[in-house]
Amino acid sequence: MTTPSDRALLRWYDRHRRVLPWRVLPGETADPYRVWLSEIMLQQTTVAAVKPYYARFLAAFPTIDALARAGEADVFAAWAGLGYYSRARNLHACAKLVAARGGFPDTIAGLEALPGIGPYTARAVAAIAFGAPVVPVDGNVERVAARLFAVAEPVPGARPRLAALAQTLNTGAEAQARASDFAQALFDLGATICTPRSPACALCPWRDACAAQAQGIAAELPLRAPKVARPQRFGIAWRLRDPAGRLLLERRPPRGLLGGMLGLPGPAWTAERPDAAPPAGVNDCREIGTVRHVFTHFALDLQVFDGRIGLEAAVDLVATPVWSDAASPTGLPGLFAKAVALPG
DNA sequence: CAGACGTGGTC
DNA sequence: TGACCAAGTCT
């Protein structure tokens with residue numbers, strides 16, 4: 001067993017670093033706005049899923065000022081499909097604050113005080129955009145640390161210990177001098193070598209320093225607390241058109257599930273299959289099919305119905321009616337995009 | 001502090 | 001097919 005060498009990791013990074021849209025090339029200066037935007041999008045979200053959203057977002061909102069000036073509905077529409085929609089609300093609020101103060105704060109405390117920025121993102125932006133010598137601890141770094149130090153305690157309980165161990169990795173002179181590269185080297189190591197299922201230990205620059213590799217348990221770490229079962233829920237969604245053929249949508253409440261997003265109207269979702277009686281003022285009701293959708297903490301069977309409705313009845317049915325002229329409206333979260341796309 | 005909070009890809 | 005997981009944060 002050796003000690004994990006910051007120099008060895010950086011040498012590996014110089015040869016194998018991923019090229020990503022939000023990542024600058026060697027010698028270029030990072031733009032805090034782009035670093036921040038990418039970090040928010042990447043929270044609990046894969047690189048592949050983020051790439052097209054990042055490109056569209058940057059085209060629509062090229063600067064923090066452009067984003068700050070944008071309308072809330074446009075920000076939500078650009079985020080639709082990416083999930084965890086409180087990120088979009090906090091993103092916009094954060095942009096307004098940062099634009100008003102003339103730029104991002106460059107300290108961890110200053111960053112963490114902003115909406116949507118927690119311990120991880122504050123350190124990621126501080127390291128990547130401002131060169132602060134800190135180790136942002138995400139799922140990748142947690143996994144690397146759990147294996148490197150053979151931590152057998154399960155997460156999330158082991159999180160504080162893993163974070164403390166991770167901070168010991170950047171104490172070398174090269175890691176201090178190249179804080180941005182060092183943080184991203186840890187991400188890349190976790191994403192391409194020290195992967196969750198079948199780690200490529202033979203290719204790892206820290207192979208000789210890895211306690212889990214020495215014990216032959218690298219692939220088993222980190223241990224996780226047992227998951228709770230996902231309950232099943234049922235719901236109904238109405239695809240109602242007015243006499244002009246426009247589709248009735250509603251703006252959902254700002255907080256909670258799919259908060260702030262557009263959706264199809266329908267009764268609250270329940271643990272039992274609901275009665276599909278059409279609301280008052282709905283005519284020519286017809287069942288189209290069922291959409292199955294899995295959220296983080298429950299699964300949903302959503303029965304989809306078509307029908308016709310008048311303008312007055314729509315106001316009674318929906319708190320905030322939004323009429324869509326488009327044949328297939330965009331800007332909907334995944335669940336309602338599926339329901340709208342259901343052939344019928 | 002444990003639970004809420006989306007979605008799509010992988011094995 | 002289903003369980004797991006991905007650059008977490010908020011309450």
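## Surface near DNA strand C

Four helices each supply at least two residues of the surface near DNA strand C: α2 (32–41), α8, α9 (139–148) and α12. The model is predicted. In it, 27 residues lie around DNA strand C. Those that come nearest are Gly118, Thr121, Asp138, Gly139 and Pro196.

By class, this surface divides into 11 nonpolar, 12 polar and 4 charged residues.

## Packing of α8 and α12

Two of the helices that supply the surface near DNA strand C, α8 and α12, also pack against each other. Two packed helices are described by the angle between their axes and the distance between the axes. Helix α8 spans residues 119–130, and helix α12 spans residues 179–193. Their axes come within 6 Å and cross at roughly 130 degrees. Angles from 115 to 145 degrees fall outside the parallel, perpendicular and antiparallel ranges, so α8 is oblique to α12. The crossing of α8 past α12 is left-handed.

Which residues make the contact between α8 and α12? From α8 come Ala124, Ala127 and Ile128. From α12 come Ala179, Ser180, Ala183 and Gln184. This contact holds 5 nonpolar residues, 2 polar ones and no charged ones.

## Strand pairing around β5

Strand β5 (residues 299–309) pairs with β1 and with β4. Strand β1 covers residues 232–241 and runs parallel to β5, with 10 bridges joining the two. Within that pairing, isoleucine 236 has glutamine 303 of β5 as its bridge partner.

How do β4 and β5 pair, parallel or antiparallel? The sense is antiparallel, over 10 bridges. A hairpin through 4 residues joins β4 to β5. Leucine 300 in β5 stands opposite histidine 293.

## Surface near DNA strand B

DNA strand B is surrounded by 22 residues. The closest are Gly83, Tyr85, Thr296, Pro333 and Gly334. Three elements give two or more residues to this surface: α3 (47–60), β4 (282–294) and α15 (334–341). Strand β4 therefore has two roles here: β4 gives residues to the surface near DNA strand B, and β4 pairs with β5.

How many residues of each class does the surface near DNA strand B have? There are 10 nonpolar, 11 polar and 1 charged. The surface near DNA strand C, for its part, has 11 nonpolar, 12 polar and 4 charged residues.

Terms used. Residues numbered from 1 in each chain as written. Chains lettered and ligands numbered in written order. Predicted model: local features only at pLDDT ≥ 70, side-chain atom pairs only at ≥ 80, totals over all residues. Near = placed C-beta within 6 Å. Nonpolar A, V, L, I, M, F, W, Y, C, P; charged D, E, K, R; others polar. Axes fitted to C-alpha atoms, helices over the stretch in contact; angles between N-to-C directions. Parallel < 35°, antiparallel > 145°, perpendicular 65-115°, else oblique. Left-handed = near helix turned anticlockwise from the far one by under 90°. Contact = placed C-beta atoms within 7 Å. Pairing = 2+ DSSP bridges.
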